[in-house]
Amino acid sequence: YHYHQMYPRVTLFYDVVSPYSLFAFHTLIRYRVARPTQFQLELKPIFLGAIMASAGNSPPASVPAKGRYMMTDLTRNYKYFQTKKLKLPNTFPANTIKAMRVLTYLSTSPKYFTKEVDVAFALWNKYWQIQEDITSDEDIAAVLVSCGFDTEEVQEVLTACTTPEVKNQLKATSQEAIDLGAFGAPTMIVQAEEGAEKEMFFGSDRFHQLFPAMGMEWEGPVPQTGAKL
């Protein structure tokens with residue numbers, strides 16, 4: 001998803017603490033698989049805590065009425081987007097900085113970049129579907145093992161995530177999102193063609209506007225498969 005300059009393109013800034021990012025992630029990957037020649041998808045892990053702090057934003061659950069509504073909304077949405085059932089995590093929001101450093105390292109690693117999607121889905125699953133922690137090295141190691149990493153590879157990834165290079169890359173990507181106007185996640189940036197103005201879309205409920213901005217049809221959360229001229 002990363003190394004081709006092709007237009008139109010959509011860049012997804014995401015954090016696994018965000019269930020709405022999961023809906024956007026699922027949807028964009030489904031369309032990328034079904035329409036591989038029609039648009040480019042770029043996945044960019046961010047640390048949502050930094051985005052929220054920069055924008056002066058606060059988690060939905062900090063407003064009690066909004067927090068109560070959130071699970072109703074998530075239930076409607078996991079059914080609509082046809083993902084697994086979501087449950088409110090035991091600790092929400094969790095500090096996902098280690099998890100997002102792991103995804104940052106994977107996304108920029110020639111050896112591991114193809115694993116980013118699997119690991120991201122596994123982190124969402126652990127946190128939002130089976131309500132387990134994803135903040136410690138042990139939690140993250142278990143996720144990596146479940147995605148086929150051996151003991152040596154797990155250690156390689158965890159060690160890499162303590163380096164200034166990976167820490168600074170996550171900071172830089174989060175700052176890139178902030179500079180583009182982000183205040184939460186998911187944030188998606190559409191560029192219809194090279195040199196064209198970048199358009200920002202926030203949330204998982206704007207796909208009916210996002211896809212036409214790329215000159216594509218929105219077919220709902222699960223596009224038809226097979227060739228389409």
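Which residue forms a salt bridge with glutamate 132, and how far apart are the closest N and O atoms? The partner is lysine 126, and the gap between those closest atoms is 2.7 Å. Keep in mind that this is a predicted model.

## The 132–126 pair

The two ends of this salt bridge fall into separate accessibility classes. Glutamate 132 has a relative accessibility of 36%, so it goes down as partly exposed. Lysine 126 has a relative accessible area of 10% and is buried, since the cut-off for buried is under 20%.

## Salt bridges across the chain

Searching the whole structure turns up seven salt bridges. Another of them joins the side chains of glutamate 176 and lysine 44, with an N to O distance of 2.8 Å. Glutamate 176 belongs to helix α8 (residues 164-179) and lysine 44 to strand β2 (residues 40-45), so this contact ties together parts of the chain that sit 132 residues apart in sequence. On the helix side, glutamate 176 is partly exposed at 29% relative accessible area. On the strand side, lysine 44 comes in at 17% relative accessibility and counts as buried.

Then there's aspartate 137 with lysine 98, whose side chains meet in a salt bridge at 3.3 Å, N to O. This one also links distant parts of the chain: aspartate 137 is in helix α6 (residues 137-146) and lysine 98 is in helix α4 (residues 97-108), with their positions 39 residues apart. Here aspartate 137 is partly exposed, at 33% relative accessible area. Lysine 98 is partly exposed as well, at 36% relative accessibility.

## How α1 sits against α3

Now for some helix packing. The axes of helix α1 (residues 19-34) and helix α3 (residues 64-80) come within 11 Å and cross at roughly 15°. That makes α1 and α3 roughly parallel to each other, because angles under 35 degrees fall in that class. As for handedness, α1 passes α3 in a left-handed crossing.

Which residues do the touching? From α1 it's Pro19, Tyr20 and Phe23, and they meet Met70, Asp73, Leu74, Asn77 and Tyr78 of α3. By type, the residues of this contact split into six nonpolar, one polar and one charged.

## Quick recap

If you're browsing the model, the 176–44 salt bridge connects helix α8 with strand β2, while the 137–98 salt bridge connects helix α6 with helix α4. For the helix pair, look at α1 against α3, where the crossing is left-handed and the contact includes six nonpolar residues.

Technical notes:
Residues numbered from 1 in each chain as written. Predicted model: local features only at pLDDT ≥ 70, side-chain atom pairs only at ≥ 80, totals over all residues. Heavy atoms only, no water. Salt bridge = Lys/Arg side-chain N within 4 Å of Asp/Glu carboxyl O. Helix = DSSP H or I, 4+ residues; strand = E, 2+ residues; numbered from the N terminus. Buried < 20%, exposed > 50% of the residue type's maximum accessible area, 1.4 Å probe, protein only. Axes fitted to C-alpha atoms, helices over the stretch in contact; angles between N-to-C directions. Parallel < 35°, antiparallel > 145°, perpendicular 65-115°, else oblique. Left-handed = near helix turned anticlockwise from the far one by under 90°. Contact = heavy atoms within 4.5 Å. Nonpolar A, V, L, I, M, F, W, Y, C, P; charged D, E, K, R; others polar.
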